[in-house]
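Here's a quick briefing for anyone meeting this structure for the first time. Take a look at it, then read on.

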Amino acid sequence: MATLIGLSIKVKLLRSLPDRFKLDVHITPGTHASEHAVNKQLADKERVAAALENSHLLEVVNQCLSARS
């Protein structure tokens with residue numbers, strides 16, 4: 001779940017901020033058992049791009065970002 005939450009935050013920021021901003025989304029040290037692996041995935045542009053090419057994963061991220069009534 002940490003990777004999905006981090007990816008959702010990163011996508012929201014990418015969609016909201018202009019391209020001139022550099023994004024660095026990471027998990028706070030000591031807050032997750034696999035913190036290093038998650039931070040590595042979130043920092044890798046190619047992994048993020050590949051994740052967003054996956055239609056099912058993109059649908060899940062969009063559901064996380066959608067406003068609920």
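**Getting your bearings**

Leave out the residues up to four places away in sequence, and leucine 13 touches Leu23 and Val25. Leucine 13 sits in helix α1, and at 30% relative accessibility it counts as partly exposed. Keep in mind that this is a predicted model. The notes below go from single residues in α1 to the way the helices pack, and then to the core.

**Residues in α1**

- Alanine 2 is another residue of helix α1, and with a relative accessible area of 18% it is buried, because the cut-off for that is under 20%.
- Not counting residues up to four places away in sequence, alanine 2 touches Ile27, His32 and Val38.
- How far apart are the C-alpha atoms of alanine 2 and asparagine 39? They are separated by 9.6 Å, with the two positions 37 residues apart along the chain.
- Compare that with leucine 13 and alanine 2, which are 11 residues apart in sequence and 17 Å apart in space, C-alpha to C-alpha.
- Serine 8 also has its place in helix α1, and its relative accessible area of 6% makes serine 8 buried.
- Once you set aside neighbours within four places in sequence, serine 8 is in contact with Val61, Cys64 and Leu65.

**Helix α2: one side in, one side out**

- Which residues of α2 are buried? They are Glu35, Val38, Asn39 and Leu42.
- Those four cover an arc of only 100° around the axis, so they end up on the same side of α2.
- Flip to the other side of α2 and you'll find His36 and Lys40, which are exposed.
- The cover over the buried residues of α2 includes α1 (2-16) and α3.

**How α2 meets α3**

- Helix α2 spans residues 35-43 and helix α3 spans residues 45-53; their axes come within 5 Å and cross at roughly 80°.
- An angle from 65 to 115 degrees counts as roughly perpendicular, and α2 and α3 are therefore roughly perpendicular to each other.
- On the α2 side, the residues that meet α3 are Lys40, Gln41, Leu42 and Ala43, and their partners in α3 are Lys45, Arg47 and Val48.
- Sorted by class, the residues of this contact are 3 nonpolar, 1 polar and 3 charged.

**How α1 meets α3**

- Here the axes are 12 Å apart, and α1 and α3 pack at an angle of about 90°.
- That makes α1 and α3 roughly perpendicular to each other as well.
- Leu7, Lys10 and Val11 of α1 make the contact with Val48, Ala51 and Leu52 of α3.
- By class, the contact of α1 with α3 has 5 nonpolar, no polar and 1 charged residues.

**Two alanines to look up**

- Alanine 50 is found in helix α3, and it is partly exposed, with a relative accessible area of 46%.
- Alanine 50 and valine 25 are 25 residues apart in sequence, and their C-alpha atoms are 17 Å apart in space.
- Alanine 51 is in contact with Leu7 and Leu57, leaving aside its neighbours within four places in sequence.

**The nonpolar core**

- In soluble globular proteins, nonpolar side chains tend to be buried together.
- How many residues are in the largest nonpolar core of this model? There are 11 residues: Ala2, Leu4, Leu7, Val11, Val25, Ile27, Val38, Leu42, Val48, Ala51 and Val61.
- Three elements, α1, α2 and α3, give two or more residues to this core.
- The largest share, 4 residues, comes from α1.
- Several names from above turn up again here: alanine 2 and its contacts Ile27 and Val38 are core members.
- Val48 and Ala51, which take part in the contact of α1 with α3, belong to the core too.
- Leu42, one of the buried residues of α2, is likewise part of the core.

Key. Residues numbered from 1 in each chain as written. Predicted model: local features only at pLDDT ≥ 70, side-chain atom pairs only at ≥ 80, totals over all residues. Heavy atoms only, no water. Axes fitted to C-alpha atoms, helices over the stretch in contact; angles between N-to-C directions. Parallel < 35°, antiparallel > 145°, perpendicular 65-115°, else oblique. Contact = heavy atoms within 4.5 Å. Nonpolar A, V, L, I, M, F, W, Y, C, P; charged D, E, K, R; others polar. Buried < 20%, exposed > 50% of the residue type's maximum accessible area, 1.4 Å probe, protein only. Arc of directions from axis to C-beta. Core = buried A, V, L, I, M, F, W, Y, C linked by side-chain atoms within 4.5 Å.
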